[in-house]
Amino acid sequence: MAKYKSILAVDDNKAILTALQFCLEGTFEKIITLEQPDNILTLLAQEEVEAILLDMNFSLGLNTGQDGIFWLQVLKRKHPNIPIILLTAYADVQLAVRGLKNGAADFVVKPWDNDELLRKIKDAIDKSNEVAPLEEVEANHLQKAVDKTHGNLSQAAEMLGISRQTLYNKLKK
Amino acid sequence: METALVIAIVVIVAGFVGWTVFHQQLLSTRAYLMREALRNKDFSFHMPTNGLLQGERDMQKLLNDLGHEIQKQVDQNEVESWQKLTRVLTHEIMNDVTPISSICQSLMKRPELQNTSTGEGLKAIAATSDHLISFVDSYRKLAQLQKPQKTIFDILKTIEEIASVYSDITFDIDAPQGAMINADTNLMRHVITNIVKNAHEAGATKIGLRYQEKDNHTTLLISNNGQPISSVNAGEIFTPFFTTKSTGSGIGLSLSRQIIVSQGGRLVLRKKAEPNYGVTFEIILPQ
């Protein structure tokens, strides 16, 4: 089974980085680790990674997950196509929701089950690599517009910026 | 005639002065009693207001309310301190157990370690860390109590549902028909279940429940005839991690107290149990 290429793990706990290396070495060819998030962007400018594992808390005593969300937002802005999986020691639903709303692909609570972690990472990478065919995307979008106007094709066509006739033809297909 | 008038006035004034002195002494006695309560760190004055003049009655009511508010604040501070400590502790522990658990899992998979003493050693480490994880996991709940959604509901129904689970315990319920409380239904169910479960584990065969409404508060007295709680343990039972059971996590009563405090109430162990019972817990909630 071909291995995935590379992954970046960011956590201020060295032992956790070691644990991740043990866990991921069978699945990834290259595992890059960082203890501090400060140089993430510089590193990503030089290395290509398929996914990022990001710890939510970086300073001892600052147990709110704020640091993690900040870096999540930065990464999503600069590298929107790399899936990010958050790691945290809090089983906090609100924190999880915030993470997902800010664009995280998934959320893992410490301590984790190795197999489950691998599964989540692979799913996140596979999903982000999926490119849906244009026809499919267009058909879904058209349907959405028609649903919104409760079947009023003229209105839907106007919202979509095409003529009613064009819309009709596309739907007929 | 004049002397009679003078004597009458003297008597009336003396009577008035005497009454005033006597009344002031009563007030001093009240103050003394409240001070004694304070010395025992008991802020819940419930002094009666009979025999007082109007202004004094209002002052006494204020003192009663003040005492109650202080007690509530003290309870809340204690709960918050435990919450903060628990949050930091669980975070640190879970962070440190993670590599232990994960590296063990990774190593145990290696084919060359199967059926070796190293493999057995790793299994033992993994099992111990799993146990630690589930222990600490129950404490994560303590740190994340959701905001209570209060409704006014029929408490007797909740109690009947819980009672039906414990068929080997007789429930003696002393409450008026349609007794309501203002609280979060699920959280209250959790608290009462916890108290009943503890009673069951202490060998109780009878549980008594008394419902009272007094001074804008609803009180539930839950008693059981199981093993009484020693005075040594009584001071500890609401402390997180404290347990007398070999398989206990020590979270039940501390979580229950936290739930009640978060709804503006109190959960205490009565110093003296209700008659014919060994243990009585008191839940006080605002109406």
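In chain B of this predicted model, strands β6 and β7 (residues 279-286) are joined by four bridges and run antiparallel. One pair of residues shows how they line up: B:R266 stands opposite B:I284 of β7(B). The two strands belong to an open sheet of five, laid out in the order β2-β4-β5-β7-β6 in chain B, with mixed pairing. At the edges of the sheet sit β2 (170-174) and β6 (266-269) of chain B, and each of these pairs on one side only. Leaving direction aside, neighbours in this sheet are turned by 15 degrees against each other on average.

Chain A has its own mix of elements, with eight helices and five strands. Walking along the sequence of chain A, helices and strands come in the pattern β-α-β-α-β-α-β-α-β-α-α-α-α. So much for the order; now for how the chain packs. Of the 173 residues in chain A, 31% count as buried. Among the contacts in chain A with a separation of 6 or more, 51% come from residues 24 or more positions apart.

A good place to look at burial is strand β3 of chain A (residues 51-55), where five of the five residues are buried. The cover comes on both faces of β3(A): A:A51, A:L53 and A:D55 are buried on one side, and A:I52 and A:L54 are buried on the other. This strand also has pairing partners. Strand β1 of chain A (residues 4-10) is joined to β3(A) by four bridges, and the two run parallel. Within that pairing, A:L8 has A:I52 of β3(A) as its bridge partner. Strand β4 of chain A (residues 84-88) also pairs with β3(A) in the parallel sense, again over four bridges. Here A:D55 is matched with A:L87 in β4(A). A:D55 thus turns up twice, as one of the buried residues of β3(A) and as the bridge partner of A:L87.

The next topic is how the two chains meet. On chain B, 16 residues are in contact with 16 residues of chain A. Two elements of chain B, α2 and α3 (117-142), each give two or more residues to the side that touches chain A. The largest share of that side, 13 residues, comes from α2(B). Sorted by class, the side of chain B that touches chain A holds six nonpolar, eight polar and two charged residues.

One helix pair across the two chains can be described in some detail. Two packed helices are described by the angle between their axes and the distance between the axes. For helix α1 of chain A (residues 14-24) and helix α2 of chain B (residues 54-108), the axes come within 9 Å and cross at roughly 20 degrees. Because angles under 35 degrees count as roughly parallel, α1(A) is roughly parallel to α2(B). The crossing of α1(A) past α2(B) is left-handed.

Which residues of α1(A) and α2(B) meet? From α1(A) come A:A15, A:I16, A:T18, A:A19, A:F22 and A:C23, while α2(B) brings B:T98, B:P99, B:S102, B:I103 and B:S106. The residues of this contact between α1(A) and α2(B) divide into seven nonpolar and four polar, with no charged ones.

How values were computed:
Residues numbered from 1 in each chain as written. Chains lettered and ligands numbered in written order. Predicted model: local features only at pLDDT ≥ 70, side-chain atom pairs only at ≥ 80, totals over all residues. Pairing = 2+ DSSP bridges. Axes fitted to C-alpha atoms, helices over the stretch in contact; angles between N-to-C directions. Parallel < 35°, antiparallel > 145°, perpendicular 65-115°, else oblique. Left-handed = near helix turned anticlockwise from the far one by under 90°. Contact = placed C-beta atoms within 7 Å. Nonpolar A, V, L, I, M, F, W, Y, C, P; charged D, E, K, R; others polar. Buried ≥ 20, exposed ≤ 12 C-beta atoms within 10 Å, placed from the backbone.
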